[in-house]
Amino acid sequence: MKRAPVYEYLLITGIGVAALLIPWLLPNFITQFTFLWVMVVFALTWDLLGGQMGYNSFGNVLFFGIGAYACAVVQRDSGLDYFTALALGLLCAALLSTAVSALLGAGVLGMRGHYFAICTLGLGVAAGEIAGGWEYLGAGSGMVTPQYPGGIGERDLFYYFLSLTITGTGFFTLRRLYQSRFGIAINAIRDDEDKAEAMGLHTTRYKTVAWCVAAFFLALTGGAVGNLIGFIDPRDVAFSGATFGVWMILMAILGGKGTIWGPVLGAAVFHLTQELFWNFLFGWQRVALGALIVLIVVFFPQGILGWVREAWPERFGQCVDTDRQGGEETR
Amino acid sequence: MTTLLEVQGVSKRFGGIVANEAISLSVPEGGIIGLIGPNGSGKTTLFNAIVGYYPIDAGSIRFEDREITRLRVPQIARLGLLRTFQQTRIYGRMDCVHNMLISTPHAHQGLWSMLTHFPREDREKAESLLEFVGLYSKRHLLAGDLSFGQQKLLEFAMALMNEPKLLLLDEPTAGINPTLINGIIERLQRVNERLGITLLVIEHNMSVIMNLAQELHCLSRGRLLASGTPEQIRTDQRVIDAYLGVQ
Ligand SMILES: Nc1ncnc2c1ncn2[C@@H]1O[C@H](COP(=O)(O)OP(=O)(O)OP(=O)(O)O)[C@@H](O)[C@H]1O
Ligand SMILES: [Mg+2]
């Protein structure tokens with residue numbers, strides 16, 4: 001594959017160092033940054049299907065919710081100490097969510113275009129309704145996650161680094177996947193699935209794996225967020241299609257679909273804007289957010305990165321001019 | 001010569017339209033066989049039926065003595081029976097090299113191979129095939145930015161990358177600059193001779209197909225009208241009438 005340019009490594013190192021120092025540099029904003037990492041996972045995992053594979057899912061929040069609940073249930077019922085229970089909970093969350101995505105994928109991923117989108121939307125809504133009526137999960141009043149065995153500052157620090165770890169692992173996993181056969185295959189499915197099938201590609205296999213990877217990281221994030229908020233509401237936290245579910249899509253589109261950096265950038269810009277709105281636009285936040293959504297779709301249909309890429313295509317290793325390409329870059 | 005593909009009594013209807021009616025023909029291994037017929041006579045429908053694009057109403061299709069009538073498109077493709085599309089289909093937002101790389105044969109790919117990089121041999125093969133069809137200098141362009149004719153060539157190269165045993169080509173010279181058509185014919189012959197790929201070719205350009213094919217089948221209104229050598233077909237009164245629209 002194309003070797004990553006040097007500035008990409010610099011960027012990764014820079015972000016990595018900043019991420020490690022933030023709790024000490026900006027201690028007052030630690031929770032906001034924790035949520036920033038969560039947002040990055042949202043955008044990246046949505047883009048795995050929506051951007052890279054061309055399957056617009058409106059129901060990815062399903063896996064987030066399953067993760068939140070599965071982790072909380074293990075924490076509640078395992079009888080282990082806090083950290084062991086949390087670790088086991090996260091593991092179970094990831095496994096359950098991945099299994100569910102594999103099972104659903106067999107049926108749902110057979111649908112294309114709008115049918116897939118509508119069906120996933122239905123899945124997310126249905127999951128919220130089921131959780132809201134299920135006594136075992138606290139029904140409509142939701143679940144409270146266990147108390148952290150330590151001070152509030154330590155708790156914030158712990159969940160900051162947990163989120164950072166999940167996000168980092170997710171980012172590097174996806175980056176590696178996109179450089180391998182897998183990445184090219186799901187791009188091919190996005191560009192023309194009929195052609196991919198006619199060429200003998202194992203399309204069902206690739207699509208299912210893609211959804212499983214998304215579900216895996218969303219579930220881990222769900223487990224962490226449940227504990228971070230301390231309370232899991234079936235419709236407002238776990239299966240919140242109107243907030244998390246929509247934000248995932250928006251952030252990926254805002255940053256630039258179908259790239260690894262687009263969703264990261266989109267998440268950062270979106271999260272920052274949203275925090276500003278919430279702090280300065282008392283009462284008008286949701287209106288402003290709605291207006292922002294419209295602006296994004298109208299003025300940046302390709303996202304920020306897509307727009308930059310159109311303006312300076314050569315910077316992105318894309319050749320527009322036949323005379324200027326050297327074979328070297330790909331070796 | 002052994003028979004590679006055996007089509008027997010294949011029928012396909014779309015509502016009231018009879019697109020294929022009891023068509024039987026066979027393709028010998030190593031041959032170049034032509035499929036001709038006026039517009040709407042059911043040629044593309046027959047291709048679709050062979051590769052499993054939709055279920056057929058009657059008949060059977062055998063490939064290498066194996067019943068494939070009920071297999072799905074990707075399964076049939078992995079057996080080595082590949083088709084190109086009349087409207088040309090490539091992966092538009094990927095560059096030509098990636099279009100080629102993802103077209104490597106998928107038959108023996110396990111679950112873990114999806115996580116691997118493409119080996120060097122694949123890249124070399126991709127580049128040499130792009131060179132073969134004359135697209136080497138365009139290899140880093142997005143496939144969607146190529147002209148229609150170039151896309152047709154890319155699709156052909158992608159098919160070769162897949163190492164099929166039998167390749168069904170749906171109008172390989174449509175949209176290609178007339179001055180380049182001789183080059184296409186020559187390449188098809190080289191692919192057939194050197195790589196041993198059997199070809200079944202739909203073609204409207206009569207001089208092309210008469211030069212290329214050893215045997216021709218002519219469809220008309222969904223039925224097989226005539227089969228024979230190019231010479232026999234050329235002089236067959238039924239074929240001439242079909243093309244002239246005589247009832
Ligand atoms: N998916 C479909 N649904 C309905 N009718 C179809 C479909 N595909 C083909 N047909 C009809 O079947 C008939 C045969 O079409 P087909 O595309 O096989 O012709 P063809 O010989 O390939 O023609 P051409 O030379 O123009 O490509 C036509 O009347 C066409 O309208
Ligand atoms: Mg046709």
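Hi everyone. Let me start with one residue: B:Gln86 has a relative accessibility of 31%, so it counts as partly exposed. Please keep in mind throughout that we are looking at a predicted model.

Why start there? B:Gln86 is one of the residues on the magnesium ion, ligand 2: its OE1 atom coordinates the metal together with OG1 of B:Thr44, at 1.9 to 2.1 Å. B:Thr44 belongs to helix H1 of chain B, residues 43–50, whereas B:Gln86 sits in the loop between strand S6 (81–83) and helix H3 (96–101), so this pair ties together parts that are 42 residues apart in sequence. And is B:Thr44 buried or exposed? With 24% relative accessibility, B:Thr44 counts as partly exposed.

Now let's step back to chain B as a whole. Its secondary structure comes to nine helices and 10 strands. The radius of gyration is 18 Å, close to the 18 Å from the globule rule for 247 residues, so chain B is as compact as a globular protein of that length. If you prefer box dimensions, the C-alpha trace spans about 55 × 40 × 35 Å along its principal axes.

For those of you who like contact maps: take the contacts in chain B between residues at least 6 apart in sequence, and 67% of them join residues at least 24 apart. Of the 247 residues in the chain, 55% are buried. The area that chain B exposes is about 10800 Å², with carbon and sulfur atoms supplying 50% of it. On charges, chain B carries 25 positive and 25 negative side chains, and the centres of these two sets are 5 Å apart.

One more residue in chain B, for anyone browsing the loops. B:Tyr136 lies in the loop between helix H4 (120–132) and helix H5 (148–161), and at 28% relative accessible area B:Tyr136 is partly exposed. Its C-alpha atom is 18 Å from that of B:Leu188, which is 52 residues away along the chain.

Finally, over to chain A and helix H7, residues 181–191. Here 10 of the 11 residues are buried, so the helix is largely enclosed by the rest of the structure. The buried residues include A:Arg181 and A:Arg190, as well as A:Phe182, A:Ile184 and A:Asn187. What do the buried residues of H7(A) pack against? Within chain A, their partners are helices H2 (30–50), H6 (152–179), H8 (193–198) and H9 (203–229), and from chain B they also meet H3 and H4.

Thanks for listening, and I'm happy to take questions.

Definitions and conventions. Residues numbered from 1 in each chain as written. Chains lettered and ligands numbered in written order. Predicted model: local features only at pLDDT ≥ 70, side-chain atom pairs only at ≥ 80, totals over all residues. Heavy atoms only, no water. Donors = N, O, S within 2.8 Å, 3.2 Å for Na, K, Ca; no water. Helix = DSSP H or I, 4+ residues; strand = E, 2+ residues; numbered from the N terminus. Buried < 20%, exposed > 50% of the residue type's maximum accessible area, 1.4 Å probe, protein only. Rg over C-alpha atoms; globule rule 2.2 N^0.38 Å. Contact = heavy atoms within 4.5 Å. Areas by Shrake-Rupley, 256 points an atom, 1.4 Å probe, with all protein chains shown as cover. Lys, Arg positive; Asp, Glu negative; His and termini not counted. Charge placed at Lys NZ, Arg CZ, Asp CG, Glu CD.
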